[in-house]
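Q: Please take a close look at one part of this model and describe how it fits into the rest of the chain. I would like one connected account.

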Amino acid sequence: MSLAIANICIDCADPYALASFWSAVLDLPVDPESAPGDEEVGIGLPTGQDLILLRVPEEKVVKNRLHLCLAPPEVDPTRVGASRDAEVERVLDLGATVVDDLRQPDGKGWVVLADPAGNEFCVLRPAEEQAG
């Protein structure tokens, strides 16, 4: 027997507001039955799990012990936002902040960002660029 990841949960003060941010980042809809003020708000992921935003009373005070690593699915020069750098700029425009920029002059590396609640995540290069 083995376990599988059922959902990914992020603690925050305002689940609906943070779900709206993540909805825009991932280009996925917030659960239509969710509303401002809900204690828990979900976003269905294409893998079958949910990203769940949970209300907690305390503020985030230290670095995450677990974070999401995000990458564009493929390089498509005709698609706006297809590269790591374009995605970083798009996510910054949505309200993220840069925690650490680890991009290298040769194009390798990633950017550590924080969502509006301070939860860290990374934006990587597309998989085919990483392999090449």
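The part in question is strand β7, and the request is to say what surrounds β7 and which strands pair with β7.

A: This is a predicted model. The protein chain contains three helices and seven strands, and from the N terminus these elements run β-α-β-β-β-α-β-β-β-α. Of the 132 residues, 33% count as buried.

The sheet comes before the strand itself. β7 belongs to an open sheet of four strands in the order β4-β7-β6-β5, with mixed pairing. β4 (68-70) and β5 (97-101) are the edge strands; each has a single partner strand, so one side of each has no neighbour in the sheet. From one strand to the next the twist averages 30°.

In that order, β7 stands between β4 and β6. On the β4 side the two strands run parallel and are joined by three bridges. Two of the pairings can be named: L68 has F121 of β7 as its bridge partner, and C69 has C122 of β7. On the β6 side the strands run antiparallel, with four bridges between β6 and β7. Here L113 has F121 as its bridge partner in β7. F121 is thus a bridge partner of L68 and also of L113. β6 and β7 form a hairpin with five residues between them. Within that turn, G118 has a positive phi of about 95°.

Next, the two faces. In a regular strand the side chains alternate between the two faces of the sheet. In β7 both faces are covered: E120 and C122 are buried on one side, and F121 and V123 are buried on the other.

Two helices touch this strand. α1 packs on the sheet through contacts with β4 and β7, and its direction makes about 35° with that of β4. α2 also packs on the sheet, touching β5, β6 and β7, and its direction makes about 145° with that of β7.

The α2 contacts can be followed from the helix as well. In α2 (residues 84-94) the buried residues are R84, E87, V88 and V91. These residues lie on the same side of α2, because they cover an arc of only 105° around the axis. An α-helix has 3.6 residues a turn, so residues three or four places apart point the same way. The buried residues of α2 pack against α1 (15-26), β6 (111-114) and β7 (120-123). After α2 comes G95, with a positive phi near 125°.

F121 deserves separate mention. Leaving out residues up to four places away in sequence, F121 touches F21, W22, H67, L68, L70, V91, A96, V111, V112, L113, A114 and D115. Among these, V91 is also one of the buried residues of α2.

F121 is also part of the largest nonpolar core, which has 22 residues. F21, W22, I43, L53 and F121 have the most contacts inside this core. β1 (7-12), α1, β2 (40-44), β3 (50-55), α2, β6 and β7 each supply at least two of the core residues. α1 gives the most, with five residues.

For the chain as a whole, residues 24 or more positions apart account for 50% of the contacts with a separation of 6 or more. To sum up, β7 is paired with β4 in parallel and with β6 in antiparallel fashion, and has buried residues on both faces.

Notes:
Residues are numbered from 1 along each chain as its sequence is written. This is a predicted model: local features need pLDDT of at least 70, side-chain atom pairs count only at pLDDT 80 or more; totals for chains, interfaces and linings use all residues. Side-chain values use heavy atoms; hydrogens and water are left out. Buried means under 20% relative accessible area, exposed over 50%, partly exposed in between (1.4 Å probe, protein chains only). The arc is that of the directions from the helix axis to the C-beta atoms. Contact means heavy atoms within 4.5 Å. A nonpolar core is a set of buried Ala, Val, Leu, Ile, Met, Phe, Trp, Tyr and Cys residues joined through side-chain atoms within 4.5 Å. Two strands pair if DSSP finds at least two bridges between them. Axes are lines fitted to C-alpha atoms, for helices over the stretch in contact, and angles run from 0 to 180 degrees between N-to-C directions.
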